[in-house]
Amino acid sequence: MSPALRRGLGVGLSVGGLVAAVALLAATVDLGAAAVTLASAHRGWLTAAAGMSLLAPVLVAVKLLLVLRLIDVRRSFARCWSAVMAAVTLNAVIPGRGGDFVRAVFLSDGPGTLSLLVGAVLVERLLDVLMLGLLAGGASLVGGVGVVTWIALAVCAAAVGAVVALALGHRLPVRPEAAERAGRAARALGSRPGLAVAILGMTAVCWTNNVATMELSLRAVGADIPTLAVYEATPIAVLTGILPISVNGIGTRDAAMVMLLEGRAPREQIVAGAFAYFLLNGWFLALIGLVALGREALRRVRAQADAARLPPG
């Protein structure tokens, strides 16, 4: 199968999933009423949620700086923040949060560091998945073991298994040198426990901030839902939105929130709150990220031009 055909199938799947998810949501929720609820949202709560959204990429950039230390790569905070914002913009249109791996491209200074950075970014994302599982599982245990508990346990096991597989990938006979570079960050988690704990702590801070953004968004539309319930539902909804079956999780994330918070608030309020969160953490940040994306693209073009002017040898 050619790369173009694979990309076409991926786009088709995502668009088809988007249409199906929205259609399913429309069959169970009055989307018109949800839109009216969103339009009349409390401005104070929305402003607070917007502030948390603006804080999110700052926190992620700090986390990224720590992850890069695993592979002894030094980058400025400004460059990490710029790479994070550029990825947010690309994630608005690329299924499955594929834009995240563009961070490695923007942070790379040449082919020699790209595989290292791809591995570091992959470790960062896997630790995000682990933390989402831990948050959802921890919140669900307060009310007793349930479906969310088992889903969270499976998510945590999958994330840990993937990190271990990445760390041991260099032992396979297929491209061991590339696998060694890609898995260096994963192996460093075990050899540098202090740094690993700091990264996990920063990951917890990042996702606590995101869950707080969701809670503020829900409160803005009148959905007064207990904090523990929001912590139980939001991580699972975020993970659902990451699946490459829609565009930026539209429809799938909202449907997951409705299902997980059923009975806690009217469905229209839950959908309105989830969509407010999406607008803030998605399109609001994506618009700001356009500047960073353009700056990063220009930096790479200039670097290539400078390299082309260097004399051979």
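Reader: What pattern does the protein chain follow, read along the sequence?
Author: This is a predicted model, where local features need pLDDT of at least 70, side-chain atom pairs count only at pLDDT 80 or more, and totals for chains, interfaces and linings use all residues. Residues are numbered from 1 along each chain as its sequence is written, and side-chain values use heavy atoms, leaving out hydrogens and water. Helices are DSSP runs (H or I, at least four residues) and strands are too (E, at least two), numbered from the N terminus. The chain has 13 helices and zero strands, and reads α-α-α-α-α-α-α-α-α-α-α-α-α.

Reader: How much of the protein chain counts as buried?
Author: Buried means under 20% relative accessible area, with a 1.4 Å probe and protein chains only. Out of 313 residues, the buried share is 48%.

Reader: Which helix gives the largest share of the largest nonpolar core?
Author: A nonpolar core is a set of buried Ala, Val, Leu, Ile, Met, Phe, Trp, Tyr and Cys residues joined through side-chain atoms within 4.5 Å. The largest one has 42 residues, and Leu70 and Ile71 touch the most other members. Helices supplying at least two residues each include H3 (43–69), H7 (147–168) and H10 (193–220). The largest share, eight residues, is from H6.

Reader: Which residues is Leu70 in contact with, leaving aside its neighbours within four places in sequence?
Author: Contact means heavy atoms within 4.5 Å. With those neighbours set aside, Leu70 meets Ala185, Ala188, Leu189, Arg192, Leu195 and Ile199.

Reader: How many residues are in the other core, the one with Val29 and Leu132?
Author: That core lies apart from the largest one. Ala256 and Val258 are also among its members, and its residues number 36.

Key: Buried means under 20% relative accessible area, exposed over 50%, partly exposed in between (1.4 Å probe, protein chains only).
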